[in-house]
Amino acid sequence: MEELLTVSEVARLLRVETTTVRRWIKNGMLEAILLPHHEKESKRHGYRIKRTTLDKLLGESPRDSVSEQQN
């Protein structure tokens, strides 16, 4: 199964704010999976970003990201 990252995890890895990641998603610059809403009062969407999508954005091969995780 493919690894899914939260908006916070992606923001931390890219050293940007979560707001920036959400803007990239909304503008179509970053592909993400939209999670279903469980709370009617929540205005924020829940997203997950595939690790491979992030790797493509960074220009890394999957092998590169695995070796970084092990170090």
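**Exercise 1. Determine how the axes of helix α1 and helix α3 are arranged in this predicted model.**

Solution. Helix α1 spans residues 7-14 and helix α3 residues 51-58; helices are DSSP runs of H or I with at least four residues, strands E runs of at least two. Their axes come within 12 Å and cross at roughly 25°, where axes are lines fitted to C-alpha atoms over the stretch in contact and angles run from 0 to 180 degrees between N-to-C directions. Angles under 35 degrees count as roughly parallel, and α1 and α3 are therefore roughly parallel to each other. From α1, Val10, Leu13 and Leu14 make the contact (heavy atoms within 4.5 Å); α3 contributes Arg51, Leu54, Leu57 and Leu58.

**Exercise 2. Establish whether leucine 30 is buried or exposed, and identify its contacts.**

Solution. Leucine 30 lies in the loop between α2 (18-26) and β2. Buried means under 20% relative accessible area and exposed over 50%, with partly exposed in between (1.4 Å probe, protein chains only). Leucine 30 has 3% relative accessibility and so counts as buried. Beyond its neighbours within four places in sequence, its contacts are Val10, Val21, Trp24, Ile25, Ile49, Thr53 and Leu57. The C-alpha atoms of leucine 30 and threonine 53 are 7.7 Å apart, at a separation of 23 residues along the chain.

**Notes.** Residues are numbered from 1 along each chain as its sequence is written. Local features need pLDDT of at least 70 and side-chain atom pairs pLDDT 80 or more, while totals for chains, interfaces and linings use all residues; side-chain values use heavy atoms, leaving out hydrogens and water.

Methods:
Parallel < 35°, antiparallel > 145°, perpendicular 65-115°, else oblique.
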